[in-house]
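Hi everyone, thanks for making the time. Please bring the model up on your screens, and I'll talk you through a few spots in it.

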Amino acid sequence: MRARLIPMLAQRLGLALVTLLLLSMVVFAGAQLLPGNVGRAILGPLADPVAVAALNHKLGTDLPVPEQYWIWISHFVTGNMGISYTYRTPVAPFVIAALLNSLKLAAVAFVIVVPLSIAGGVYAAMHARTWIDKTISIAGLSMTVIPEFVSSIILILILGIWLRWLPITATAPRHADVLDQIDHLILPALPLVFILFGYIARMARAGTIDALDADYTRTATLKGLPPGVVIRRHVLRNALLPTITVVATQVGYLVGGLVIVETLFRYQGIGSLILTAARAKDFPMLEGGILTIGIVYVLVTMLADIALVMLNPRLRDGGR
Amino acid sequence: MSSTALRQPIEPAPRAQPTPALDIENLDVVYRTRGRDMQVLRGISFSIAPGESYGLVGESGCGKSTAALAALSALPRNGFVRGGSVRVAGQTLASLDATALRRLRAEQISMVYQDAGRALNPSLTIFRQMAEVFELLAQPADRAADLRALCTTMLNRVQISSPDRVLDAYPHQLSGGMLQRVIIAMALAKEPSLLVLDEPTTALDATVEAEVLDLVATLRREFSTAILFISHNIGVIERMCDRVGVLYAGSLVETGPTAQLLRRPMHPYTMRLLRCLPTPGRSKATARLDTIKGFLPPPGAIIPGCVFADRCDLADTICHTTPPPEHTIATHASRCHHWQRATEQPLTATETPIPTANHSHDIVLRGTNISKTFQIGTRSLHAVTDVSFSLREGETLGIVGESGSGKTTLARLLLGLLNPDPGSIIELAGQPAAGHAAARSQDQQKALQIVFQNPDSALNRSHTVRHLIGRALARLAGLSGATRTARLTELIHAVRLTDRHLGMRPRQLSGGLKQRVAIARAFAGNPKIVICDEPTSALDVSVQAAILNLLADLQARENTSYVFISHDLGVVRYLSDRIAVLYLGRIMEIGPAEAVFEGPHHPYTEALLSSIPTPFNESNTTQTTRIRLHGDIPSALNPPTGCVFHTRCPRKLGPICETTEPAPETINDHTIACHIPRNQLGKRP
Amino acid sequence: MSEAALPVLIEPTAKPNERLRAALTAPMFVIGATILTIWIACAILGPSLVPYNPYADDLMNTLAPPSAAHWFGTDQIGRDIFSRVVVGARSILSVAPLATLLGTLVGTTLGLITGYFGGIIDTAISRLIEVLLALPLIIVALLALVALGPSNTTVIIVIGLIFAPLIARTVRAAVLTERELDYVAAAQLRGESSLHIMFVEILPNVMGPILVETTVRLGYAIFTVASLSFLGFGIQPPSADWGLAISENYELITGGYWWTVTFDAVAIASLVVAVNLIADGIQGAIE
């Protein structure tokens with residue numbers, strides 16, 4: 001059993017690397033090839049063709065495409081993401097600082113949403129088809145589908161302006177302590193919590209209902225086990241495994257949501273960095289930001305995948 | 001049992017006899033769906049004495065499983081007891097609070113159900129799950145070592161030879177037969193006064209089933225546990241039970257001692273059910289199988305009179321208006337107004353045999369050295385190895401095998417749905433056929449058609465019966481317009497469907513009717529050969545009988561050849577002229593049907609024959625003639641060397657069986673691949 | 001005797017029509033359908049219904065709070081917000097459904113082909129989808145729109161093409177299950193072409209999942225179009241678009257001008273929730 005674990009891990013890692021390689025190509029293609037003439041794109045349609053050519057030469061965008069890609073990616077893996085067109089300084093420090101800020105925001109959202117949504121989903125499943133279940137399900141569905149900027153506006157109006165419960169700026173004053181920083185992050189995190197709650201709760205509910213109806217749960221009940229033990233040992237263990245994957249894949253949605261929330265709350269995260277770079281056509285910054293998000297996503301899914309395999313004996317044996 | 005004896009029953013026993021292990025009185029159960037109550041059990045009563053084994057037999061949808069779940073107070077969420085009572089070891093279930101019910105379950109009752117793989121928690125080890133049973137007992141063994149010892153002892157008692165390996169395993173790492181043993185061990189660990197077995201061997205292969213049934217019979221005596229045994233298989237019930245109750249549409253129509261009830265039934269339904277079985281000695285050449293007209297009433301139907309009246313030949317006015325009272329002779333009871341005449345009812349099928357097809361010597365299908373290897377990662381799975389046979393016009397070749405024998409792969413190879421390994425030769429009417437159906441000539445495509453096992457999968461649920469058969473007529477018979485309509489009507493009538501069915505979609509038809517549509521479709525292009533892949537295994541016996549009759553009739557009329565695949569020897573025997581026995585992808589034995597059944601047998605065939613629980617089969621009663629195989633069927637990924645059967649063979653000669661694959665030897669058209677000389681092989685006694 | 005698993009919970013095979021009727025009369029479905037109908041009516045009849053020209057500014061009357069004259073108040077250049085909200089249904093209800101339609105057509109075809117044939121194309125497309133999934137949808141859309149330049153047409157094409165592989169994935173999964181069923185083998189045995197098998201045999205049986213997926217995707221399309229407009233990469237000014245309106249006015253809410261964004265926010269929320277209630281109802285009816 002153990003012997004199959006190592007090749008399995010190697011396989012997951014290999015797949016993740018392939019995904020990242022393809023991802024880098026997609027990002028490169030999107031940011032560097034689609035715009036066509038980069039120099040023209042930066043200098044505008046009226047600029048002197050000689051200046052455009054000079055800029056292209058300086059940026060290296062007049063080289064053959066594979067060579068450009070090779071230069072970019074070989075630098076990228078060493079941590080060199082290129083020079084920002086806007087700031088004329090290396091991209092990497094911007095991206096790393098922004099990523100750290102975003103991770104703080106995401107962490108606050110996850111800490112709130114994961115326990116809440118799993119508890120909600122399991123509770124709904126155990127009261128399936130009652131009004132409690134229906135309320136949780138409909139509320140979850142509605143919260144999940146409303147765009148973040150819409151829920152943000154409504155939350156700012158209610159919690160920030162009318163009730164004055166939470167600060168409406170995401171960035172705490174300088175030298176603020178950790179608690180204060182977190183306090184400032186709660187309001188921006190709530191729209192993300194809304195989005196995630198419905199997904200995770202829905203999965204947790206479905207998994208729990210399946211496990212409740214499973215033959216092995218009936219076996220456990222007919223053994224004469226107390227209901228609490230049946231739920232904890234037999235139902236939840238099987239019900240919540242698939243939820244791990246769902247939580248991990250939500251990282252993708254989460255970062256997408258960050259673009260909106262960070263813009264709206266003027267928070268210096270990776271989302272607002274990407275948007276600013278996109279508006280300014282700062283392609284190295286754009287590529288660096290997007291590929292970083294991709295790496296985070298691929299890493300998290302891979303870790304979740306491995307966690308799932310470790311926790312599930314059937315997958316541990318290599319079957320899938 | 002000692003703990004039971006000490007506990008005072010809550011209610012005094014009604015009679016001076018010992019308290020029954022299970023006493024069900026006048027039980028009504030309903031399921032509530034969309035606000036409507038549907039009755040699934042209609043006032044059933046029976047009781048099981050301590051140590052007694054009681055069987056409930058019936059076709060699907062008759063309420064067997066509901067009765068089992070009611071006995072454990074474990075009905076699904078929408079199931080309710082509407083009347084009557086259930087007493088287990090003297091305690092009325094309805095009067096118990098949650099704690100008392102839990103205690104009763106922990107100490108007095110156990111249940112084993114059909115799918116052992118699903119009955120165990122996939123993410124806990126066997127040890128963890130077995131230990132729970134001991135932890136709940138009155139004197140819990142609190143030290144891990146004690147628990148482990150208890151589990152090991154229990155596994156030894158169900159004849160598991162390596163308990164340590166099993167205890168540390170997760171359910172998915174064990175075979176179906178092994179899992180069912182584990183479940184039985186868990187069920188018996190508490191030494192229950194009542195063990196409920198719901199189709200416990202239905203999902204197992206015949207040889208494994210036989211072994212598990214033997215085990216249950218032995219343990220039952222050891223533990224003196226009362227058993228409620230639920231099965232659709234009359235043969236299994238006969239082997240396992242002292243008394244039996246026949247359920248039909250939620251009513252217990254007949255109860256009595258097993259041997260007496262099956263030999264002298266007092267209810268027309270029981271009588272008919274027994275006549276539907278393709279029991280030994282019956283074949284298409286001697287007699288048609290009897291069938292039961294009409295359909296089972298839907299669950300929840302309101303039936304004023306006898307539940308069987310609509311399908312009974314004896315029914316008259318009183319049967320349709322008044323529920324029949326129970327008529328009892330000694331311990332044998334029947335709920336029929338005309339119970340004295342139950343055995344007199346006319347047969348629906350005539351005793352006249354089906355006219356035999358005109359066997360010519362033209363060979364329509366020949367397979368030579370057909371092999372199929374699947375690559376699974378780096379390993380090779382030899383699904384079919386060197387299978388050779390020939391099929392003559394109008395003849396049926398039966399193919400028998402357990403799971404993993406390669407019988408379905410063989411069917412798909414012949415049809416061209418899978419590509420055989422190089423070197424395999426398939427010839428249709430003397431012409432070599434390409435490996436892939438698309439590469440075969442149109443005549444060859446037309447010549448070979450199939451009836452699949454599961455009509456739900458085989459019929460496109462989006463299309464009407466008219467489209468399903470019409471499309472086949474257009475493609476395979478090249479018909480269009482009025483000729484197609486005429487031929488469609490003809491085909492529909494040939495499979496005993498009516499024009500009313502033409503506009504229906506598969507979901508509006510019962511399983512038997514769907515299979516008729518599939519048969520009509522297979523016959524649309526006047527095929528020379530029809531491959532029947534377990535065509536009746538998803539059907540109840542009464543429906544199975546009708547389909548077998550239909551196949552026999554069509555064969556006689558069209559002079560079609562069949563390759564008939566089944567795990568059920570009785571069914572194969574009924575329809576086949578020649579029989580091939582497959583084990584791990586190889587033919588062990590092939591020859592005329594009588595020769596295969598009468599012997600000399602290949603040891604595997606011999607074991608297979610004696611493992612099949614068939615009512616009135618002599619081997620059920622005479623212990624000595626039974627041959628049992630031990631262990632599981634090896635994996636085709638890693639087949640044994642030499643003779644593939646040597647790991648389970650009760651007559652293994654010695655090293656030669658492990659090293660050398662026996663060459664098939666043919667005497668009088670009867671081929672056997674075994675190292676044992678022909679004159680020393682077993683014969684039917 | 002591998003009798004199929006015995007039905008423990010007897011559920012009479014309800015006729016599909018009956019089930020459909022139950023789903024179509026479920027309260028949540030009715031609420032969703034009603035809201036959607038209202039917005040569709042606004043999108044079609046909007047300009048002839050509204051009291052003011054939604055594009056006419058009125059610099060004498062900027063940022064007026066809701067009143068009898070201006071039910072939802074006015075914006076920074078005095079345009080009537082009620083009129084703009086009603087008319088705003090048009091842009092989003094034309095761009096989002098068209099993008100969904102494009103995605104469904106391309107995705108269904110792709111899903112049928114990859115699911116039925118399998119092999120290298122299937123592996124390649126599955127891998128591509130996985131790569132695409134590694135990036136948030138909105139970022140991929142952003143990247144493409146930066147490159148192509150935002151307009152209604154590019155938004156439709158970009159969202160449609162991003163949705164296509166996602167829809168293909170759902171269709172492919174359904175086709176993979178269907179492909180294993182014996183009716184496909186039966187069709188092959190009577191010599192049907194692959195095209196016939198995919199579109200006549202398999203497609204009708206996967207319409208259920210496709211329908212559900214399409215409705216769910218419509219919800220996402222509205223979500224995405226609105227978000228892109230908010231970011232300035234979707235529907236362009238001076239359109240009376242809800243997302244655009246919020247992007248133009250949200251900074252005013254700290255000043256107390258709540259009406260400049262609240263009604264647009266409620267409009268978006270009600271529309272996406274309505275579409276998803278419908279999707280949920282359809283899903284319930286099919287499964």
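Let's start at B:Gly398, which stands opposite B:Phe564 in strand E20 of chain B. B:Gly398 also stands opposite B:Ile579 in E21(B). A quick word on what we are looking at: this is a predicted model, where local features need pLDDT of at least 70, side-chain atom pairs count only at pLDDT 80 or more, and totals for chains, interfaces and linings use all residues. Residues are numbered from 1 along each chain as its sequence is written, while chains are lettered from A and ligands numbered from 1 in the order in which they are written.

Strands and helices here are DSSP runs numbered from the N terminus, with at least two residues (E) for a strand and at least four (H or I) for a helix. Two strands pair if DSSP finds at least two bridges between them. B:Gly398 belongs to E15(B), and 5 bridges join E15(B) to E20(B), the two running parallel. On E21(B), residues 578-583, there are 4 bridges to E15(B), again parallel.

So is E15(B) enclosed or open? It is largely enclosed by the rest of the structure, because 5 of the 5 residues in 396-400 are buried. Buried means 20 or more other C-beta atoms within 10 Å of a residue's own, exposed means 12 or fewer, and partly exposed is in between, with C-beta atoms placed from the backbone. In a regular strand the side chains alternate between the two faces of the sheet. In E15(B), B:Thr396, B:Gly398 and B:Val400 are on one side and B:Leu397 and B:Ile399 on the other, and all are buried.

Now step across E20(B), residues 561-566, to E19(B): 5 bridges join these two, and they run parallel. B:Ile531 of E19(B) stands opposite B:Val563. On E18(B), residues 448-451, 4 bridges lead to E19(B), also parallel, and there B:Ile450 has B:Ile531 as its bridge partner. Like E15(B), strand E19(B) has 5 of 5 residues buried, in 529-533, so it is largely enclosed by the rest of the structure. B:Ile529, B:Ile531 and B:Asp533 point one way, B:Val530 and B:Cys532 the other.

For the connection, E19(B), helix H20 (541-558) and E20(B) make a right-handed β-α-β unit. Right-handed means that, with the strands pointing away from the viewer, the path from the first strand over the helix to the second runs clockwise.

B:Val563 comes up again in the largest nonpolar core. That is a set of buried Ala, Val, Leu, Ile, Met, Phe, Trp, Tyr and Cys residues joined through C-beta atoms within 7 Å. The core has 388 residues, and B:Leu228, B:Val563, C:Ala141 and C:Ile222 touch the most other members. Its largest share, 18 residues, comes from helix H8 (178-213) of chain A.

Which residues does C:Ala141 contact, beyond four places in sequence? They are C:Val158, C:Ile159, C:Ile162, C:Thr224 and C:Leu228. Contact here means C-beta atoms, placed from the backbone, within 7 Å.

On to the interfaces. Between chains C and A, 37 residues of chain C are in contact with 39 of chain A. The chain C side has 29 nonpolar, 5 polar and 3 charged residues. For those classes, Ala, Val, Leu, Ile, Met, Phe, Trp, Tyr, Cys and Pro count as nonpolar, Asp, Glu, Lys and Arg as charged, and the others, Gly among them, as polar.

Between chains B and C, 40 residues of chain B are in contact with 25 of chain C. H17(B), residues 465-477, is one of the elements that supply at least two residues to the chain B side. H17(B) gives the most, with 3. By class, that side has 18 nonpolar, 16 polar and 6 charged residues.

Last stop is chain A, which has 13 helices and 0 strands. Its C-alpha atoms fill a box of roughly 85 × 60 × 35 Å along the principal axes. Of its 320 residues, 43% count as buried. Among contacts between residues at least 6 apart in sequence, 69% join residues at least 24 apart.

That's my tour, so over to you for questions!

Definitions and conventions. Two residues are in contact if their C-beta atoms, placed from the backbone, lie within 7 Å.
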